[in-house]
Structure formats: C-alpha cells, structure tokens
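Work through the exercises below with the model open. Try each task before reading its solution.

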Amino acid sequence: MKKFVNEFKEFISRGNVMDLAVGMIIGSAFTALVTSLVNSIFMPLISLITGGIDFKDWNIPLTSGSEPPTLALGDFLSAILNFLIVAFCIFMVVKAFNKFHDMSFLKKKSEEAAAPSVKICPFCKSEIAVDATRCPHCTSVLEEDAAR
C-alpha cells in the first residue's frame with residue numbers, strides 16, 4: 001500500500017499533471033464565460049431576429065398533463081451555439097500557436113543554414129570541420145588556413 005501511495009504522489013507531482021489541472025480549471029472558467037455570452041447576448045439577439053421568440057420557450061411536450069416531460073430544443077440550440085463558439089476560440093488559439101511555432105522553426109533553420117559547420121577538403125573531397133587547418137583524412141595542410 002505504501003508503494004502505491006508513493007507512486008501516486010510521484011504521478012501527482014509531475015509537471016504534466018499540474019499543467020493539465022491548470023488547463024482544466026481555465027477551460028471550465030472559459031466555458032462558463034462563453035455560456036454566459038451565449039445565454040445573455042447571442043440568444044436574445046437571435047430571439048429579436050426571429051420575432052421575439054424566447055428560446056427558453058422552445059419546448060415540445062411529450063405528454064399532456066400539468067407538468068409533462070418536454071424536449072428542450074431551445075436549451076439544445078443554446079448548447080450547440082456554445083460549443084461552436086468554444087471550438088472556434090480553441091481553433092484560433094491553436095492556429096496562432098502553430099504559426100508562432102512555424103516562425104521559430106523557420107528562424108532556427110535559417111540560422112543553421114547561415115552558419116555551416118563543415119567544409120570539403122580540396123584534396124580528398126571529404127567533409128571536415130570549418131575551422132580545421134589540416135584534413136584528418138588525408139593529413140593535407142589546408143592552404144587557405146595555412147596562410148593565416
């Protein structure tokens with residue numbers, strides 16, 4: 001049992017688990033914000049466009065009686081709109097992250113291309129270090145470096 005508890009402590013203390021926990025908390029707060037945006041702003045605007053129909057009233061009663069079970073189509077439409085807004089926001093964040101990543105990757109590639117680390121020996125045509133004064137393969141003295 002002690003080994004199990006120690007493994008659990010190690011699992012919880014890893015950085016990835018903490019990052020995931022922070023992401024979940026921020027994600028749930030963001031979802032609450034978008035839900036409020038949909039219910040408080042978008043749904044009243046859609047209601048205004050549709051001639052004053054309140055989406056809370058978009059219910060289909062399944063049976064008759066004083067309080068019949070209903071299909072809440074208005075709530076479902078609100079949830080769909082909520083999902084689309086959250087998905088769009090996530091798409092934009094991922095797209096911006098990928099663009100930033102691609103820019104930094106291209107910058108690294110151009111830096112690597114600008115500063116070659118090898119050159120070709122003029123005598124044996126093998127690759128050698130840029131700062132070599134003698135070829136390690138054919139032992140020739142490299143004239144361009146010998147003149148320095």
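**Exercise 1.** Find which residues make up the largest nonpolar core.

*Solution.* Start with the criterion: a nonpolar core is a set of buried Ala, Val, Leu, Ile, Met, Phe, Trp, Tyr and Cys residues joined through side-chain atoms within 4.5 Å. Buried means under 20% relative accessible area (1.4 Å probe, protein chains only). Six residues qualify: Val34, Val38, Met43, Phe55, Ile85 and Val86. Next, assign them to helices, which are DSSP runs of H or I with at least four residues, numbered from the N terminus. Helices α2 (15-49) and α3 each supply at least two core residues. The top contributor is α2, with three. A second, separate core has five residues, among them Cys121 and Ile128.

This is a predicted model: local features need pLDDT of at least 70, side-chain atom pairs count only at pLDDT 80 or more, and totals for chains, interfaces and linings use all residues. Numbering runs from 1 along each chain as its sequence is written, and side-chain values use heavy atoms, without hydrogens and water.

**Exercise 2.** Place Ser78 and list what surrounds it.

*Solution.* Ser78 sits in helix α3 (residues 73-114). Its relative accessible area is 11%, so Ser78 is buried. Now search for contacts (heavy atoms within 4.5 Å). Leaving aside neighbours within four places in sequence, Ser78 touches Val38, Asn39 and Met43. The Ser78 and Asn39 side chains make a polar contact at 2.8 Å. That term requires N or O atoms within 3.5 Å, one able to donate a hydrogen and the other to accept it; residues adjacent in sequence count only if both atoms are side-chain atoms.

**Exercise 3.** What share of the protein's residues is buried?

*Solution.* Buried residues make up 14% of the 148.

How values were computed: Buried < 20%, exposed > 50% of the residue type's maximum accessible area, 1.4 Å probe, protein only.
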